[in-house]
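Biologist: Please put the model on screen. I would like to go through its helices and its core.

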Amino acid sequence: MGFILFLIMGGIIGWLAGLILGKDIPGGIIGNIIAGIIGAWLGSLLLGDWGPEIWGVYIIPALIGALVLVFVLSLILGSMGKNRRNRA
């Protein structure tokens, strides 16, 4: 049950990061879950474990990590999309 709650929390964190930045995360729900989980890992690696914890995820570092991840992904994917359009 804990793993399912962790996936749900990852999805919520990824969705919030995309919502705050106004960027769509590629992959829909799966992309939100992946961005949330990787963002939580990245955030706790860089910022440590602090703030409120829900289902084993520290919310503030996870959200900051997901925001950074979504921002960087949107920059990379945006530049790749521009390169494809310029070639056509």
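Biologist: How far apart do the end C-alpha atoms of residues 6–22 lie?

Modeller: This is a predicted model, where local features need pLDDT of at least 70, side-chain atom pairs count only at pLDDT 80 or more, and totals for chains, interfaces and linings use all residues. Residues are numbered from 1 along each chain as its sequence is written, and side-chain values use heavy atoms, without hydrogens and water. Residues 6–22 are 94% helix and 0% strand (helices are DSSP runs of H or I, at least four residues; strands are E, at least two; both numbered from the N terminus). Their end C-alpha atoms lie apart by 24 Å.

Biologist: What pattern does the chain follow along the sequence?

Modeller: The chain has three helices and two strands. Read in sequence order, the pattern is α-α-β-β-α.

Biologist: Which helix gives the most to the largest nonpolar core?

Modeller: That core has 12 residues, including Met-9, Ala-35 and Leu-69. A nonpolar core is a set of buried Ala, Val, Leu, Ile, Met, Phe, Trp, Tyr and Cys residues joined through side-chain atoms within 4.5 Å; buried means under 20% relative accessible area with a 1.4 Å probe, protein chains only. Helices H1 (2–21), H2 (28–47) and H3 (59–87) each supply at least two of the core residues. With five residues, the most comes from H3.

Biologist: Which residues does Ile-13 touch, leaving out those up to four places away in sequence?

Modeller: Ile-13 belongs to the largest nonpolar core. Counting contacts as heavy atoms within 4.5 Å, Ile-13 touches Gly-36, Ile-59, Ala-62, Leu-63 and Ala-66.

Definitions and conventions
Buried means under 20% relative accessible area, exposed over 50%, partly exposed in between (1.4 Å probe, protein chains only).
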